[in-house]
Structure formats: structure tokens, C-alpha cells
Amino acid sequence: STTEPKSRGKVYFSSAQEASYVVINKGQHTLLILNIDFSNLSSGSAPNVYKNMTEFVKQQNVPVLIVGDFGMVSWSPLFQKFLIDTGLEVKNHVILSDGQRTFDLFNAPQINVLGYKTLGLKDIEILGNSQEGRRRFLFKIIL
């Protein structure tokens, strides 16, 4: 965001799974953006991580946007339960690349953008590498 965050921090969904968040004000809108990377999420810890993330989302008093690698496809039963329990929905078309590998029909989608019904997603761009060597994505949203 070009807007300076109102607040930022980390939240832990398990001892091995954390996420960073920022709260931004844009005009009259306030939005919490949660950035997750569950690419190493084990199937054994997934139910607890998703339960804790559900509780986190439900406790927020501002709209939530979640961006990142969810560690599973959006049509899996656990992911679908998360969407139903939180009222969030997948805002992007299926993205079959993490910005480094080429398109492969058999890859599970890596990146998703979740938001409430009133939030729109205008565009997604894959940017250059960050200082940590990870690919950066630019998500243009409509509030």
C-alpha cells in the first residue's frame, strides 16, 4: 500500500505457522490485510491452524483481506469450511504459479486472495524478487 499502516504485527496460528498483518486506512475505509505463507503446512497441523485463523478473522472489527499461499487448494473441505465460517470468498481467478515456476496444469494453486463480498480485486501482477529472494505480488483492490 502507498498508505502508511495504522498498525502492524504478527499473529501465530500454531508454533510453526505465523502471519504478518497491517491495518490501513484508505479514505473512509479501514482494512486489515493478513499475509500468510502456509506452503509448509502439514496435514496434521492444518485443522488447528485453520481453526485459529477462523477465530482471528471473526474477532476483527474491520474488513479482512487475506493474501498468500494457503497450503491447500481452495476447494478442499478444510478450506471450504474456513470460507463458510468466516464469510470470506476467493477473489482471484486460479493462479497456478508462484511467480517462479511456469504454468503446470497439475500444480495446486499457490496464491489466493480472500475478502468479503463487497471487496473487489481489480488486478494481480507478479513483481520482481524481494530482498529475501521471494517473488512479490501486487494486488489492486476495490474498496
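Q: Which strands does helix α2 lie across, and at about what angle does α2 run to β6?
A: In this predicted model, helix α2 covers residues 77-86. This helix lies across β4, β5 and β6, the last of these being residues 112-115. Its direction relative to β6 is about 30°.

Q: In what order do the 6 strands of the open sheet stand?
A: The pairing in this sheet is mixed. β1 (7-12) and β5 (89-90) stand at the edges with a single partner strand each, so one side of each is left without a neighbour in the sheet. Read across the open sheet, the order is β1-β2-β3-β4-β6-β5.

Q: Which residue in β6 stands opposite valine 67?
A: β4, which comprises residues 64-69, pairs with β6 in the antiparallel sense over 3 bridges. On the β5 side, 2 bridges join β5 to β6, again running antiparallel, and there glutamate 89 stands opposite glycine 115. The residue of β6 that stands opposite valine 67 is valine 113.

Q: Is asparagine 112 buried or exposed?
A: Asparagine 112 has its place in strand β6, and its contacts beyond four places in sequence include Ile66, Val67, Phe79 and Val90. Both faces of β6 are covered, with Asn112 and Leu114 on one side and Val113 and Gly115 on the other. Because its relative accessibility is 3%, which lies under the cut-off of 20%, asparagine 112 counts as buried.

Q: What is the relative accessible area of phenylalanine 82?
A: Phenylalanine 82 is found in helix α2. Not counting residues up to four places away in sequence, this side of the picture includes contacts of phenylalanine 82 with Tyr50, Met53, Thr54 and Val57, as well as with Ile66, Leu88 and Leu114. Phenylalanine 82 is buried, and its relative accessible area is 1%.

Q: How many Å apart in space are phenylalanine 82 and threonine 54, C-alpha to C-alpha?
A: Threonine 54 belongs to the α1 side of the contact between the two helices, and Phe82 belongs to the α2 side. In sequence the two residues are 28 residues apart. In space, from C-alpha to C-alpha, the separation is 6.3 Å.

Q: Are helices α1 and α2 roughly parallel or roughly antiparallel to each other?
A: The axes of α1 (residues 46-59) and α2 (residues 77-86) come within 10 Å and cross at roughly 15°. The crossing is right-handed. Since an angle under 35 degrees counts as roughly parallel, α1 and α2 are therefore described as roughly parallel.

Q: How many residues of the contact of α1 with α2 are nonpolar?
A: On the α1 side the contact is made by Ala46, Pro47, Tyr50, Met53, Thr54, Val57 and Lys58, while α2 contributes Leu78, Phe79, Phe82, Asp85 and Thr86. Of these residues, 2 are polar and 2 are charged. The number of nonpolar residues is 8.

Q: About what angle does the direction of α1 make with that of β3?
A: β3 (residues 29-37) pairs with β2 (residues 18-26) in the antiparallel sense over 8 bridges, and isoleucine 24 stands opposite leucine 31 in β3. Helix α1 packs on the sheet, touching β1, β3 and β4. The direction of α1 makes with that of β3 an angle of about 170°.

Q: What share of the 143 residues in the protein chain is buried?
A: The chain has 2 helices and 8 strands, which run β-β-β-α-β-α-β-β-β-β from the N terminus on. Buried residues make up, of the 143 residues, 39%.

Technical notes:
Residues numbered from 1 in each chain as written. Predicted model: local features only at pLDDT ≥ 70, side-chain atom pairs only at ≥ 80, totals over all residues. Heavy atoms only, no water. Axes fitted to C-alpha atoms, helices over the stretch in contact; angles between N-to-C directions. Helix = DSSP H or I, 4+ residues; strand = E, 2+ residues; numbered from the N terminus. Parallel < 35°, antiparallel > 145°, perpendicular 65-115°, else oblique. Left-handed = near helix turned anticlockwise from the far one by under 90°. Contact = heavy atoms within 4.5 Å. Nonpolar A, V, L, I, M, F, W, Y, C, P; charged D, E, K, R; others polar. Pairing = 2+ DSSP bridges. Buried < 20%, exposed > 50% of the residue type's maximum accessible area, 1.4 Å probe, protein only.
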